[in-house]
Amino acid sequence: ASGDPASGEKVFRKCKACHAVGEDAKNKVGPTLNGIMGAAAGANPDFKYSDALMTMAADGLVWTEEEMAAFLKKPKEYMPKTKMSFAGLRKDDDIADVIAYLATFN
Ligand code: HEM
């Protein structure tokens with residue numbers, strides 16, 4: 001809850017090749033992320049998620065700050081076989097900031 005959304009907007013540049021947010025957001029390689037904080041995982045009806053993500057979603061995964069931070073730190077460790085091809089964010093500050101930025105789209 002301590003992240004800086006303005007810094008997070010810059011961090012989100014790393015996500016933009018695959019994810020859009022905002023009014024005209026469309027699914028790209030990854031799903032749109034409007035309203036993602038606090039949402040159930042895998043809930044975008046127009047996006048084809050991996051089995052890995054849908055299994056965790058069926059087990060009740062919700063994108064709390066804690067779960068989102070763990071995912072963004074090491075996506076492939078947190079969710080083996082996810083189709084999100086992203087190494088993760090090394091700095092905890094960047095993670096907190098991008099989470100604060102995402103929360104502005106809720
Ligand atoms: C899934 C965030 C970078 C591709 C997701 C989800 C989140 C997320 C929260 C789950 C969405 C849901 O449950 O509806 C982010 C953030 C990024 C980032 C914050 C940057 C820090 C990327 C990049 C790519 C990518 C760079 C492409 C190279 C995907 C794909 C999925 C996904 C394909 C679906 C995963 C699956 O079904 O296993 N991302 N992402 N993401 N993301 Fe990212």
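**Around the iron atom**

Let's start at the metal: the iron atom of the ligand has two protein donors, His-19 (through NE2) and Met-84 (through SD), lying 1.9 to 2.2 Å from it. Donors here are N, O and S atoms within 2.8 Å of the metal (3.2 Å for Na, K and Ca), and water is not among the atoms, so sites may look incomplete. The pair ties together distant parts of the chain, 65 residues apart: His-19 is in the loop between helix 1 (5-11) and helix 2 (51-58), and Met-84 is in the loop between helix 4 (75-78) and helix 5 (92-103). Helices are DSSP runs of H or I with at least four residues, numbered from the N terminus.

This is a predicted model, with local features needing pLDDT of at least 70 and side-chain atom pairs pLDDT 80 or more, while totals for chains, interfaces and linings use all residues. Residues count from 1 along each chain as its sequence is written, and side-chain values use heavy atoms, leaving out hydrogens and water.

Back at the iron, the six donor atoms subtend angles of 86 to 178 degrees, which makes the arrangement octahedral (opposite donors over 155 degrees apart, all others between 65 and 115).

Now step out to the shell, where residues have a heavy atom within 4 Å of the ligand. Of the 25 residues there, Cys-15, Cys-18, His-19, Ser-50 and Met-84 come nearest. Helix 3 (residues 65-73) gives the largest share, three residues.

Finally, look for polar contacts, pairs of N or O atoms within 3.5 Å. Ligand oxygen atoms pair with side-chain N or O atoms of Trp-63, at 2.9 Å, and of Thr-82, at 2.7 Å.

Note on methods:
A polar contact is a pair of N or O atoms within 3.5 Å; within protein, one must be able to donate a hydrogen and the other to accept it, and residues adjacent in sequence count only if both atoms are side-chain atoms. Helices (H or I, at least four residues) and strands (E, at least two) are DSSP runs, numbered from the N terminus. Four donors count as tetrahedral if all angles lie between 85 and 135 degrees; four count as square planar and six as octahedral if opposite donors are over 155 degrees apart and all others between 65 and 115; anything else is irregular.
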